[in-house]
Amino acid sequence: MADWKQISGALVRISAGSRTNVWGVNAAGNIYRYTNNDASPWVQIPGALTDIGAASDGTVWGVNSAGNIYRYTGDQESGHWKQISGGLVRISAGSRTNVWGVNAAGNIYRYTNNDANPWVQIPGALTDIGAAADGTVWGVNSAGNIYRYTGDQESGHWKQISGGL
């Protein structure tokens, strides 16, 4: 049976793409990357975000308090944030090619892998979203209903899953 191990620090958002790709944001909007070092577990990354999504392949995306969208480019130690057009309040990165977000109105968007025309709207309304490396996407709406996206990315639909979150 696994036990929870407390890691020092204080975050309000966290995303773990893998054991070695864990990122978080604190209440002040400061961004941190996990170092896998118990003595100094977090390193601050320049920038300010309100939500963050880290993928197993090293991909990291974030949104700031103004709804601006950013993708982290370069390596973890010397990368920088590149702004991508659009506006979101929640973002999740399952992989470089599986990035989804939700805007303030609850509209759902999927990244097209084309920075010139980066987002396609997906039917439905959610308040939070989670994307996985294998293409799986889950969401929660304002009523707490849980949904899983089924089918392919272009012609899928949301299937309600019993329960509430």
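Two residues are in contact when heavy atoms of theirs lie within 4.5 Å. Keep that in mind as you work through these exercises on a predicted model.

**Exercise 1. Which residues does Asn64 touch, leaving out those up to four places away in sequence?**

*Solution.*
Step 1: Find Asn64 in the loop between S6 and S7.
Step 2: Skip the residues up to four places away in sequence; the contacts of Asn64 are then Ala48, Leu49, Thr50 and Tyr70.
Step 3: Look at the side chain of Asn64, which reaches the backbone nitrogen of Asn68 at 2.9 Å.
Step 4: Check the accessibility. Buried means under 20% relative accessible area. Asn64 has 14% relative accessibility, so Asn64 counts as buried.

**Exercise 2. What is the strand order in the open sheet that contains S1, and which strands stand at its edges?**

*Solution.*
Step 1: Trace the 4 strands of this open sheet; the order is S1-S2-S3-S4, and the pairing is antiparallel.
Step 2: Look for strands with a single partner. These are strand S1 (13–18) and strand S4 (42–48), so each has one side without a neighbour in the sheet.
Step 3: Compare directions, ignoring which way the strands run: neighbouring strands here are turned by 20° against each other on average.
Step 4: Zoom in on one pair. Strand S3 (residues 30–34) and S4 are joined by 5 bridges in the antiparallel sense. As a landmark, Arg33 stands opposite Val43 in S4.

**Exercise 3. Is Val43 buried, partly exposed or exposed?**

*Solution.*
Step 1: Locate Val43 in strand S4.
Step 2: Recall the cut-offs: under 20% is buried, over 50% is exposed, and partly exposed is in between.
Step 3: Apply them. The relative accessible area of Val43 is 29%, so Val43 is partly exposed.
Step 4: List its contacts, not counting residues up to four places away in sequence: Val43 touches Ile31, Tyr32, Arg33 and Thr35.
Step 5: Now try a distance. Val43 and Gly106 are 63 residues apart along the chain, and their C-alpha atoms are separated by 32 Å.

**Exercise 4. How are the strands of the open sheet with S5 ordered, and how many bridges join S6 to S7?**

*Solution.*
Step 1: Read off the order of the 4 strands, S5-S6-S7-S8, with antiparallel pairing.
Step 2: Pick out the edges: strand S5 (51–54) and strand S8 (80–84) each pair on one side only.
Step 3: Note the turn between neighbouring strands of this sheet, 25° on average with direction ignored.
Step 4: Count the bridges between strand S6 (residues 60–63) and strand S7 (residues 69–73): there are 3, and the two strands run antiparallel. Trp61, for instance, has Arg71 in S7 as its bridge partner.

**Exercise 5. Why is the pair of Trp23 and Trp81 called edge-to-face?**

*Solution.*
Step 1: Begin with the overall count, which is 10 aromatic pairs in the structure.
Step 2: Take the rings of Trp23 and Trp81. Their centres are 6.1 Å apart and their planes stand at 75°, so the pair is edge-to-face. The cut-off behind this is planes over 60 degrees apart.
Step 3: Place the two residues. Trp23 lies in strand S2 (residues 21–25) and Trp81 in strand S8, so the pair ties together parts that are 58 residues apart in sequence.
Step 4: Check burial. Trp23 is buried at 0% relative accessible area, and Trp81 counts as buried at 18%.
Step 5: Add Tyr72, which forms one aromatic cluster with Trp23 and Trp81.

Technical notes: Residues are numbered from 1 along each chain as its sequence is written. This is a predicted model: local features need pLDDT of at least 70, side-chain atom pairs count only at pLDDT 80 or more; totals for chains, interfaces and linings use all residues. Side-chain values use heavy atoms; hydrogens and water are left out. Two strands pair if DSSP finds at least two bridges between them. Axes are lines fitted to C-alpha atoms, for helices over the stretch in contact, and angles run from 0 to 180 degrees between N-to-C directions. Buried means under 20% relative accessible area, exposed over 50%, partly exposed in between (1.4 Å probe, protein chains only). A polar contact is a pair of N or O atoms within 3.5 Å; within protein, one must be able to donate a hydrogen and the other to accept it, and residues adjacent in sequence count only if both atoms are side-chain atoms. Rings of Phe, Tyr and Trp (its six-membered ring) pair if their centres lie within 6.5 Å; planes under 30 degrees apart count as stacked, over 60 as edge-to-face and the rest as tilted.
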